[in-house]
Amino acid sequence: MWFNVSAIFVNLCLYSRTFTFRRLFNLLKLGCGFSLSRIHKKPVCIGRPYALSMEPSGNCQLKCPECPTGAAILSRSKGLLGIPVFEKTINETADYLIHLNLYFQGEPLMHPKLSELVKIANNAKIYTVISTNGLLLGKRTCKKLIEAGLSQITVSLDGYSQPVYETYRKGGHVEDVKKGILNLIEARSNSEQRNPLIVVQSLAFEHNIPEIPEIKNWCKQAGVDKLEIKSVQINDFGDGSVKPWEGNSRYEKDRDGSTVLKGKSYNHCWRHWSSAVISWNGDVAPCCYDKDIEYNMGNTSTIDFNKIWKHQNYNNFRHRILYQRAKIKMCQNCPEGRNWLM
């Protein structure tokens with residue numbers, strides 16, 4: 001990992017503008033509710049989520065083998081997030097919302113009005129993040145995102161050369177991604193803003209580790225703010241064509257030789273008391289590991305999000321987390337809740 005020191009200060013400033021007494025007090029309530037829930041083994045939800053992930057698009061142009069969208073295994077339909085649904089949700093959550101991820105399973109830049117979504121959230125003083133494969137970062141798109149006030153953008157660059165890159169990012173071209181990153185940096189330089197924070201992320205596979213030094217050098221020379229080397233999630237539906245790098249893997253070998261997540265699975269998870277995920281059509285899921293929205297808590301296009309958050313269905317799910325988290329399928333491949341604290 002590498003981080004431009006000056007970007008740390010900029011990022012702190014971006015977050016500080018989101019802080020209000022009401023939002024900070026809500027964070028305190030979330031922490032208290034989570035702690036009481038663990039002590040009494042009964043869901044106590046006295047705050048509202050400080051973070052949301054909303055899916056601008058359920059579509060993606062790549063065929064990444066370990067991604068449920070790329071592998072085409074999702075049963076739910078695909079589409080685009082409607083601005084009315086987005087505005088409704090932001091209006092219902094803005095008083096306590098600090099952080100908004102504008103991505104889930106699809107490629108967010110496939111939404112033709114993504115910059116409008118960013119602008120709506122930015123006007124509500126919410127920290128906004130986009131994670132993208134970077135293939136659609138044309139100059140006009142970059143300019144619009146920066147003008148909208150985007151706080152951070154993460155661009156996936158999983159190889160420096162085309163053969164290594166396309167081993168995982170099937171259907172993509174690495175030079176298009178590099179060009180997109182340079183477009184971002186140029187557009188930000190030509191503006192009067194110091195945001196968004198520009199992050200390059202590389203998934204740590206066995207096949208691309210030799211190229212990480214080249215990626216790091218390129219990022220430094222280009223003017224990227226941060227390089228992240230992220231551990232890889234491997235799924236049952238994967239075709240086995242890629243393997244995680246053992247030096248930065250969330251997995252280990254069990255005594256019987258099977259592959260398991262590192263750490264112990266505890267009966268708690270902070271995410272279910274602090275955040276939620278909303279698909280492009282408004283369906284609410286408890287977290288980003290519910291990729292097919294198996295645990296649908298309600299639809300925010302027709303129901304007030306705050307009612308969904310406090311509904312008995314949601315608390316029933318939290319109750320399962322407190323008693324039998326290890327038996328919930330989506331939790332079995334999740335690194336969250338695998339330490340005593342969170």
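Visitor: Where is I126 found?
Guide: I126 belongs to the loop between helix 4 (114–123) and strand 4 (127–132). Keep in mind that this is a predicted model.

Visitor: Is I126 buried or exposed there?
Guide: Buried, with a relative accessible area of 0%.

Visitor: And how far apart are I126 and L261?
Guide: Their C-alpha atoms are separated by 33 Å, and the two residues are 135 residues apart along the chain.

Visitor: Switching to the strands: how many residues of strand 6 are buried?
Guide: Strand 6 (residues 197–203) is mostly covered, with seven of its seven residues buried.

Visitor: Which residues are on which side?
Guide: L197, V199, Q201 and L203 are on one side, while I198, V200 and S202 are on the other. In a regular strand, side chains alternate between the two faces of the sheet. Both faces of strand 6 are covered here.

Visitor: How many bridges join strand 5 to strand 6, and are they parallel or antiparallel?
Guide: Five bridges join strand 5 (residues 152–156) to strand 6, and the two run parallel. In that pairing, S156 stands opposite Q201.

Visitor: What about strand 6 and strand 7?
Guide: Strand 6 also pairs with strand 7 (residues 226–230), in the parallel sense and over five bridges. There, L203 of strand 6 stands opposite K230 in strand 7.

Visitor: Which helix makes a β-α-β unit with strand 6 and strand 7?
Guide: That is helix 8 (residues 212–222), and the unit is right-handed.

Visitor: New topic: how many aromatic pairs does the structure hold?
Guide: There are eight aromatic pairs. One of them joins F21 and F25, whose ring centres are 5.9 Å apart with the planes at 5 degrees, so the pair is stacked.

Visitor: Where do F21 and F25 sit in helix 2?
Guide: They are four residues apart in helix 2 (residues 21–40), so about one helical turn separates them. F21 is exposed, with a relative accessible area of 70%, whereas F25 counts as partly exposed at 40%.

Visitor: Which residues do ring pairs link into a cluster?
Guide: F34, W270 and W273.

Visitor: What about a charged end over a ring: which ring does K41 sit over?
Guide: The charged end of K41 sits over the ring of Y323, 5.7 Å from the ring centre. In another case, the charged end of R318 sits over the ring of W309, at 4.5 Å from its centre.

Visitor: Now cysteines. How many disulfides are in the whole structure?
Guide: A search of the whole structure finds zero.

Visitor: Why is C45 too far for a bond?
Guide: The closest cysteine sulfur to that of C45 is in C32, and it is 12 Å away. Two cysteine sulfur atoms have to be within 2.5 Å to count as a disulfide, so this pair does not qualify. C45 is buried, with a relative accessible area of 13%.

Visitor: And how far is the nearest cysteine sulfur from C219?
Guide: It is 15 Å away, in C142, and C219 is in no disulfide. C219 counts as buried, at 0% relative accessibility.

Visitor: Last one: which residues does the "Radical SAM core" annotation cover?
Guide: An unreviewed UniProt entry gives that domain as residues 55–188. In the model, the span is 40% helix and 10% strand, and its end C-alpha atoms lie 25 Å apart.

Note on methods. Residues numbered from 1 in each chain as written. Predicted model: local features only at pLDDT ≥ 70, side-chain atom pairs only at ≥ 80, totals over all residues. Heavy atoms only, no water. UniProt positions renumbered as here; feature names shortened; annotations may be inferred. Buried < 20%, exposed > 50% of the residue type's maximum accessible area, 1.4 Å probe, protein only. Pairing = 2+ DSSP bridges. Right-handed = clockwise from strand over helix to strand, strands pointing away. Phe/Tyr/Trp six-rings, centres within 6.5 Å; stacked < 30°, edge-to-face > 60°. Lys NZ or Arg CZ within 6 Å of the ring centre and 35° of its normal.
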